[in-house]
Amino acid sequence: MSHKDEEDRGPWQGRIDVHEGPRALRWHQCVTMLPPQASPGIALLGFPCDLGVRRNHGRAGAAAGPAALRRTLANLAWHGARPVYDAGDVGDVGDVGDVGASTPDAGEKTLETMQAGYARRITALLDAGHVPIGLGGGHEIAWAAWQGLAAHAAREPHPPRIGILNVDAHFDLRTAPAGNSGTPFRQIAEDCGVRDWNFRYCVLGIAEAANTAALFDRARALGVAFRLDEEMGARDLDAIDSTVRDFLAGIDWLYLTLCLDALPGACAPGVSAPATIGVEPAVVEAVIRIAVASGKLRLADVAELNPSLDPNGRTARLAARLVWRLAREIARRPCDVRSGLHLPARD
Ligand SMILES: N=CN[C@@H](CCC(=O)O)C(=O)O
Ligand SMILES: [Mn+2]
Ligand SMILES: [Mn+2]
């Protein structure tokens, strides 16, 4: 690779094991910028936004999450059998400025224009048969992701039953009238009402101490399935498996969202609200395996990475590992010509 090529690869740079043979590959050598008419693959899309975290009185900095995630992913070992594309960041030229071009917001990066831009990009990626993995950004990414997925689903002759599986210390069902990082699933519940769809939402890792009684009441009123952080240990894996499988049995399409503040604060300090107990990374990986093996996953993301609060890039490493795990499990599955995750697993 020439010096010029290396420069052109932006964050996708890292160690090259020149003496290790052709299988000694890392992500930076295999991820390509998303070309037009690309064959179906995994598409990474950055959401460099923390405007929702700010509105939610959280600690700002997650806007730098996607860049840190790409830099960390770049050096991980490549075992992929399926292409991974970098679809860039929302907010790149043309993404946000065309929402109501005559409004004062035209071209401005507000929370709503960023969310609308992300939603449009997600719909286009899904329409092209890709499995998008969103790189957050605050958890306001979830309302944007839902809008993109719902627009894609609405094109189906019979709209699929969409379920959201959230690994999170928080319900994010707040009622604040202006959307923020704490409201996305309440916004989605309302949108389901408008569309006459059932709201199907399951959260794993809820910290009782970090969610008020009002939030628990709202979750119960909305029929939300959840497990507390204290019910998410390695010893609980059979019960976790049942919770996830029961949820998956009642849906056709899955949106999986991983809020890094669900993981123990010692592993994931680089978030707005670190967890005191949290869910161990190995358990989160087990959830990812079950979710992907269902063949129903359409869209996933990792939210709340805040590099400004992240000593030694510890949280970025964990976030990259979870993206890596997602991609690894997706790549194990046989590929249908269009969006091929309906097929049974090979193993
Ligand atoms: N998305 C996170 N929501 C949590 C954490 C708030 C924070 O950033 O401190 C919530 O609203 O409770
Ligand atoms: Mn959270
Ligand atoms: Mn959250």
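What radius of gyration does the protein chain have, and what would a compact globule with 347 residues have? I looked this up first: the chain has 19 Å, and because a compact globule with 347 residues would be near 20 Å, the two agree; the radius is taken over C-alpha atoms, and the globule rule is 2.2 Å times the number of residues to the power 0.38.

I note that this is a predicted model, in which local features need pLDDT of at least 70 and side-chain atom pairs count only at pLDDT 80 or more, while totals for chains, interfaces and linings use all residues. Residues are numbered from 1 along each chain as its sequence is written, and chains are lettered from A and ligands numbered from 1 in the order in which they are written.

I then looked up burial and found that buried residues make up 50% of the 347 residues (buried is 20 or more other C-beta atoms within 10 Å of a residue's own, exposed 12 or fewer, partly exposed in between, with C-beta atoms placed from the backbone).

Next I turned to Gly46, which lies in strand S2, residues 42-47 (strands are DSSP runs of E, at least two residues, and helices runs of H or I, at least four, numbered from the N terminus). Gly46 counts as buried because it has 26 C-beta neighbours inside 10 Å.

My last entry concerns helix H5, residues 111-127, whose end C-alpha atoms are 24 Å apart, in agreement with the 24 Å that its 17 residues should span at 1.5 Å a residue (the expected span is 1.5 Å times one less than the number of residues). I found H5 mostly covered, with 15 of its 17 residues buried, and just after H5 I saw that Gly129 takes a positive phi of about 90°.
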